[in-house]
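Work through the following exercises with the sequence and the structure open beside you. Try each task before you read its solution.

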Amino acid sequence: MGKYQRNGLQISLAVIMSLSLTWVILLQSLTYCCFNRQFYQDNFRKLQTSTKVDIDAADLNKSVDCLFDYLLQRRDDLNLQVRLLSSGQKTEMFNRREKDHMVDVKSLLQRVMFSQKAALTVFVLLFLLLPLLYRRAAATSWTDYLLSYRAGFIGGIVTALLFIAIIAVFAACDFSTFWWKFHELLFTNDLWQLDPAESRLINLVEGEFFSNLVQYIISVTVTALVVAYALILLVLRILLKLSRKLRTLG
């Protein structure tokens with residue numbers, strides 16, 4: 001195998017590793033943000049959600065806990081009684097259509113979590129294969145080998161950040177269209193099209209809330225990616241220095 005072929009293989013594997021790690025970090029950030037109770041409580045106060053959905057703050061928090069526990073498979077249903085502020089009467093928090101939609105959301109979440117585990121597996125396997133791949137490319141120096149992987153990781157970083165930037169710009173310019181297309185892409189039915197006049201769920205997490213959530217997710221994701229890749233590139237830089245130093249001494 002020629003030098004350029006070896007370098008091409010190493011760069012390609014590094015890009016795959018980089019994108020796999022990006023997917024893991026992105027989904028971990030997504031999970032962290034979407035299940036952050038403090039974020040919900042802060043936004044409920046800011047957006048006066050309690051008044052809009054006609055239930056008090058305590059029942060709002062119970063509703064969020066109920067949703068979280070259901071999506072994370074800690075409970076089997078979304079049956080929850082809440083008290084209306086206007087009348088004092090008790091009623092079901094979620095209607096039939098909302099519950100059916102959350103079945104789809106739960107199924108989607110399980111697929112997403114599976115894909116995260118798959119991406120992590122790919123990253124770990126490729127990382128463990130690095131020494132073996134180096135031995136098979138015996139004519140390649142450690143310096144060239146590390147340079148190839150650094151080039152691949154940088155390529156993966158640029159690709160991932162460019163993709164996130166495109167999504168962020170789209171969401172910032174026209175969030176309503178972004179959110180509509182997002183749901184059309186993820187769901188095969190129209191259960192997600194909830195009527196604000198009948199759905200407490202849609203008023204619980206209405207447009208401005210979701211806009212804040214998307215900004216929060218992007219901020220956390222970009223920060224996590226920058227930190228992770230800064231550490232990876234720092235380690236590669238240190239290894240390159242050691243490799244060049246050993247090569248000079250040899």
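**Exercise 1: a pair of helices**

The axes of helix H2 (residues 37–47) and helix H4 (residues 57–71) come within 11 Å of each other and cross at roughly 145 degrees. Here axes are lines fitted to C-alpha atoms, for helices over the stretch in contact, with angles running from 0 to 180 degrees between N-to-C directions, while helices are DSSP runs (H or I, at least four residues) numbered from the N terminus. This is a predicted model, in which local features need pLDDT of at least 70 and side-chain atom pairs count only at pLDDT 80 or more, whereas totals for chains, interfaces and linings use all residues. Residues are numbered from 1 along each chain as its sequence is written, and side-chain values use heavy atoms, with hydrogens and water left out.

*Task.* Determine the handedness of the crossing of H2 and H4, and state which residues make the contact.

*Solution.* Begin with the handedness: the crossing of H2 and H4 is right-handed, a term used if the near helix is turned clockwise from the far one by less than a right angle. Next, look for contact, meaning heavy atoms within 4.5 Å: H2 contributes Arg37, Tyr40, Gln41 and Phe44, and H4 contributes Leu60, Asn61, Val64, Asp65, Phe68 and Asp69. Finally, sort these residues, which divide into five nonpolar, two polar and three charged; in this sorting Asp, Glu, Lys and Arg count as charged, Ala, Val, Leu, Ile, Met, Phe, Trp, Tyr, Cys and Pro as nonpolar, and the others, Gly among them, as polar.

**Exercise 2: the nonpolar cores**

*Task.* Find how many residues the largest nonpolar core has, and which helix supplies the largest share of this core.

*Solution.* A nonpolar core is a set of buried Ala, Val, Leu, Ile, Met, Phe, Trp, Tyr and Cys residues joined through side-chain atoms within 4.5 Å, and buried means under 20% relative accessible area, exposed over 50%, and partly exposed in between (1.4 Å probe, protein chains only). The largest such core has 41 residues, and those with the most contacts inside it are Tyr40, Met102, Phe209 and Leu213. Several helices each supply at least two residues of this core, among them helix H1 (3–34), helix H5 (96–136) and helix H9 (207–249), but the largest share, seven residues, comes from H4. As a last step, follow Phe209, which touches Phe39, Tyr40, Asn43, Phe44 and Leu47, not counting residues up to four places away in sequence.

**Exercise 3: Asn43 and its partners**

*Task.* Decide whether Asn43 is buried or exposed, and find what its side chain reaches.

*Solution.* First place the residue: Asn43 is in helix H2. Because its relative accessible area is 7%, Asn43 is buried. Then look for polar contacts, which are pairs of N or O atoms within 3.5 Å (within protein, one must be able to donate a hydrogen and the other to accept it, and residues adjacent in sequence count only if both atoms are side-chain atoms). The side chain of Asn43 reaches the backbone oxygen of Phe39 at 3.0 Å, and a polar contact of 2.9 Å joins the side chains of Asn43 and Asn212.

**Exercise 4: positive phi in the loops**

*Task.* Locate Gln48 and Asp54, and describe the phi of each.

*Solution.* Gln48 lies in the loop between H2 and helix H3 (49–53), and its phi is near 55 degrees, a positive value in a residue other than glycine. Gln48 is exposed, because its relative accessible area is 56%. Asp54 is found in the loop between H3 and H4, and has a positive phi of about 65 degrees although it is not a glycine.
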